[in-house]
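Notebook open, viewer open. I want to jot down what I look up as I go, starting with confidence and then moving on to the fold and the contact between chains.

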Amino acid sequence: MSTAIDTRLVFAPDAVRPQPAAILARLGVPGAPGEAPAMSGGEPRHGPGRREAPAAGWGRHARNGVLVAEVLDRIDDLLVPRAVLRAIDVERFAAVFAGEGHNAPEAPLGTIFPHARTLALYAATVGGPVSVEIARLFSERDFARAAFLDAAASEATERAGIALADHYRAHLQACGAWRRGDRLLRYSPGYCGWHVSAQRALFAALEPLRIGVTLRESCLMEPLKSISGVIVVGPAAIHRFEPDFAFCAACRSAECRQRMRALEDDTEG
Amino acid sequence: MQLPEHIASALQQGDDETVAALTREALEFGIAARKILDEGLIAGMNVIGEQFRAHEIFLPDVLLAARAMYAGLDPLQPLLEREGGVARGKVVIGTVQGDLHDIGKNLVAIMLRGAGLEVIDLGNDVTPRRFVDAVQESGAALIGMSALLTTTMPVMKEVIALLAREGLAKKVKVIIGGAPVSAEFAREIGADAYAYDAASAVAHVQRLLG
């Protein structure tokens with residue numbers, strides 16, 4: 001059975017439903033609803049409006065819990081999760097990766113993909129309606145609900161990417177192309193030295209218009225809640241790199257460290 | 001505790017209904033709109049801003065307080081305009097051309113208004129010409145720009161260059177922000193400040209406007 005794949009996927013909204021803790025994490029809120037409020041560093045300060053009594057802390061957590069529950073109650077009606085996936089060989093991907101020649105010379109993906117066992121381009125989206133609703137909430141000054149919905153939609157988009165990756169892994173396993181010790185990671189233009197302008201080459205090779213995702217001249221994807229990139233499958237060792245590049249200084253997520261820790265997890269088989 | 005202090009306290013709890021009710025009550029009592037604004041709404045948002053910067057509260061709390069602030073501003077606005085109330089400064093903000101991300105920019109706008117500034121929010125996908133025209137029309141002393149794509153960051157440099165060509169370089173300060181933006185980039189293009197987040201943006205703007 002060939003490992004080639006070129007498919008359009010439709011997910012049910014509840015397949016990409018975000019978890020409350022993940023929504024709060026995106027909003028910078030520590031802990032999850034129902035947990036004791038974390039004390040900030042130092043003693044509570046005294047004075048009008050400054051003392052953070054435990055009751056106030058609990059009140060805020062309860063309030064966040066209500067906002068999360070409200071968002072989750074309505075988000076299924078706002079999400080239109082779709083994805084596309086297309087296998088690509090190393091030689092053709094080299095051209096996609098090179099893009100318009102603006103990558104950082106030391107971009108780690110440049111040394112990763114030549115060692116991949118398989119590669120697949122992908123794009124996923126949760127559609128436009130949720131962004132329209134976020135804008136409406138902001139315009140009506142319902143700022144908190146807008147921010148919660150925005151965080152939930154971003155998390156749902158990421159979960160669409162995860163679902164897509166799971167689909168690809170299952171496909172490779174069905175083909176007999178998945179080996180013990182293989183790891184599957186996604187890489188996206190705009191991160192880790194892979195310049196965002198490479199989106200143009202990626203879009204030309206993948207044709208995400210099939211799921212309604214387009215690219216502006218600025219390389220901004222529309223709908224806004226969309227992601228794209230390449231799935232790289234190979235032994236754990238090929239994905240490892242030391243994140244001490246020049247561009248790492250400006251990185252706010254440092255997600256790479258978490259991803260590389262997860263490489264040690266052998267449950268993928 | 002006087003009414004403006006009660007307003008500040010309710011604002012910090014994100015209680016928009018109470019803020020609105022107390023504001024109307026304060027006006028009926030004959031308290032000047034400017035006093036209610038300064039000692040109630042802005043005072044409350046100042047505490048929120050400090051707590052946010054100190055990581056004692058988080059984004060949802062700030063946004064609920066902001067909603068409460070707007071609820072109090074509504075009955076005050078017509079009176080402030082009649083009194084000729086002067087804002088603490090006027091700024092133009094927007095997300096640069098080619099970019100539609102606006103959550104961060106929206107948060108900055110909210111917090112700047114909470115600090116008593118008049119904010120002209122141009123929205124997203126704003127061209128250099130629109131930024132500069134808005135400054136010329138409004139008399140704003142500062143432009144704030146947001147970009148979340150490296151491909152759109154060069155627009156920030158174009159805005160600064162256009163300000164210089166129009167003879168506004170010394171009159172108008174520029175602050176920039178957004179995930180791919182850095183202090184180094186700000187220095188490189190001649191911006192006056194770089195803001196890592198909304199809380200620091202307010203501090204920088206207040207410093208730049210003096």
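**Confidence.** This is a predicted model, so I checked the scores before anything else. Chain B averages a pLDDT of 93, with 99% of its residues at 70 or more. Which elements of chain B sit at the two ends of the mean pLDDT range? H5(B) comes out lowest at 90, and S3(B) highest at 98. For the model I noted ipTM 0.90 and pTM 0.89.

**The sheet in chain B.** Next I traced the strands. Five of them make an open sheet, ordered S2-S1-S3-S4-S5, with parallel pairing. Which strands stand at the edges? They are S2 (118-121) and S5 (193-195) of chain B; each has a single partner strand, so one side of each is left without a neighbour in the sheet. From one strand to the next, I get an average twist of 25°.

I then looked at the S5 edge. S4(B), residues 173-177, runs parallel to S5(B) and is joined to it by three bridges. Here I found B:Gly177 opposite B:Ala195 of S5(B).

**H5 on the sheet.** Helix H5 of chain B, residues 103-114, packs on this sheet. I listed its strand contacts as S1 (90-95), S2, S3 (142-146) and S4 of chain B. Its direction makes about 165° with that of S1(B). A reminder to myself: this is the helix with the lowest mean pLDDT among the elements of chain B, though that is still 90.

**H9.** I went on to helix H9 of chain B, residues 198-209. Its twelve residues reach 16 Å from first C-alpha to last, close to the expected 16 Å. Which of its residues are buried? I wrote down B:Ala198, B:Ala199, B:Ala201, B:Val202, B:His204 and B:Val205. The spacing made me recall that an α-helix has 3.6 residues a turn, so residues three or four places apart point the same way. The cover over these buried residues includes H3 (33-53) and H5 of chain B, along with S1, S3, S4 and S5. Just after H9(B) comes B:Gly210, with a positive phi near 75°.

**Between the chains.** Last, the interface. I count 28 residues of chain A in contact with 30 of chain B. On the chain A side, H2 (54-74) and H6 (143-175) each supply at least two residues. H6(A) gives the most, with four. By class, that side of chain A has 13 nonpolar, nine charged and six polar residues.

How values were computed. Residues numbered from 1 in each chain as written. Chains lettered and ligands numbered in written order. Predicted model: local features only at pLDDT ≥ 70, side-chain atom pairs only at ≥ 80, totals over all residues. Contact = placed C-beta atoms within 7 Å. Nonpolar A, V, L, I, M, F, W, Y, C, P; charged D, E, K, R; others polar. Pairing = 2+ DSSP bridges. Axes fitted to C-alpha atoms, helices over the stretch in contact; angles between N-to-C directions. pLDDT = per-residue confidence, 0-100. Expected span 1.5 Å × (residues − 1). Buried ≥ 20, exposed ≤ 12 C-beta atoms within 10 Å, placed from the backbone.
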